[in-house]
Amino acid sequence: MQPRIPRQQAQEPQEQGIHRAENDVGLGAELAAVVAGARRRTVRDGDRQIDTAHLLHSLLESDAEVRAVFGEGPRIARLLGYLVQRSIGYGLRWQGAVEDSGGVPVVTEVAGFSPLAAGCMEYAHERAAHHGRGPACGTDLLAAIVVDPRARAVEVLERAGIDSRELLARLEVPSGR
């Protein structure tokens with residue numbers, strides 16, 4: 001008897017065209033886990049590159065400090081609902097296109113990321129350095145993601161009723177970290 005659920009192949013993402021980018025950009029353990037989660041979601045969804053919505057989804061799942069920025073209440077559930085829907089219809093129009101707002105220079109040296117997501121990773125590192133911290137953390141990446149109003153993650157935030165400018169303002173308040 002054949003199993004009803006087909007077995008997933010145990011291929012590495014690099015074999016499927018997604019380069020293991022976190023090894024190349026000097027991520028700390030916290031963001032390496034976020035990128036690994038985003039990469040798994042990218043492969044599972046059949047997308048070509050990690051985009052800002054993949055990064056946002058992974059941040060929400062793995063970083064309590066990022067979730068705290070959104071505050072209490074139904075906002076997180078509604079946001080996660082939209083992020084989950086991307087693989088079952090909401091984000092299908094993104095599958096054939098590369099995320100690039102045109103608002104930031106195209107970053108090509110970080111394979112596996114959309115140009116905008118690669119720029120966000122660089123911005124997160126710069127933000128952490130500017131604040132005198134070691135490796136970038138989840139809130140640095142969240143701030144980088146919400147800076148560009150044309151990012152896919154910002155579109156998802158707006159659909160969920162979350163103002164990205166308000167979110168960025170909360171992230172700019174010193175946190176003692």
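Here are a few exercises on the structure above, each with a worked solution.

This is a predicted model, where local features need pLDDT of at least 70, side-chain atom pairs count only at pLDDT 80 or more, and totals for chains, interfaces and linings use all residues. Residues are numbered from 1 along each chain as its sequence is written, and side-chain values use heavy atoms, with hydrogens and water left out.

**Exercise 1: the core**

Find which residues of the largest nonpolar core touch the most other members, and which helix gives the most to this core.

Step 1. Start with the term: a nonpolar core is a set of buried Ala, Val, Leu, Ile, Met, Phe, Trp, Tyr and Cys residues joined through side-chain atoms within 4.5 Å. Buried means under 20% relative accessible area, exposed means over 50%, and partly exposed is in between (1.4 Å probe, protein chains only).

Step 2. The largest such core has 41 residues, and Leu 55, Leu 56, Phe 70, Leu 79, Leu 141 and Leu 142 touch the most other members.

Step 3. Now the helices, which are DSSP runs (H or I, at least four residues) numbered from the N terminus. Among those supplying at least two core residues each are helix 1 (29–45), helix 5 (115–130) and helix 8 (164–172). Helix 5 gives the most, with seven residues.

Step 4. In general, nonpolar side chains tend to be buried together in soluble globular proteins.

**Exercise 2: around Leu 142**

List what Leu 142 is in contact with, leaving aside neighbours within four places in sequence.

Step 1. Contact means heavy atoms within 4.5 Å.

Step 2. With that cut-off, you get Leu 56, Leu 59, Val 66, Val 69, Phe 70, Leu 167 and Leu 171 as the partners of Leu 142.

**Exercise 3: charged pairs**

Work out which residues are linked with Arg 127 in a network of salt bridges.

Step 1. A salt bridge is a side-chain nitrogen of Lys or Arg within 4 Å of a carboxyl oxygen of Asp or Glu. The whole structure has nine of them.

Step 2. Arg 127 and Glu 172 form one, at 3.6 Å from N to O. Arg 127 sits in helix 5 and Glu 172 in helix 8, 45 residues apart.

Step 3. Check burial: Arg 127 is buried at 7% relative accessible area, whereas Glu 172 is partly exposed at 39%.

Step 4. Asp 140 and Arg 133 also pair, at 2.2 Å from N to O, and both are buried.

Step 5. Put together, the network links Arg 127, Arg 133, Asp 140 and Glu 172.
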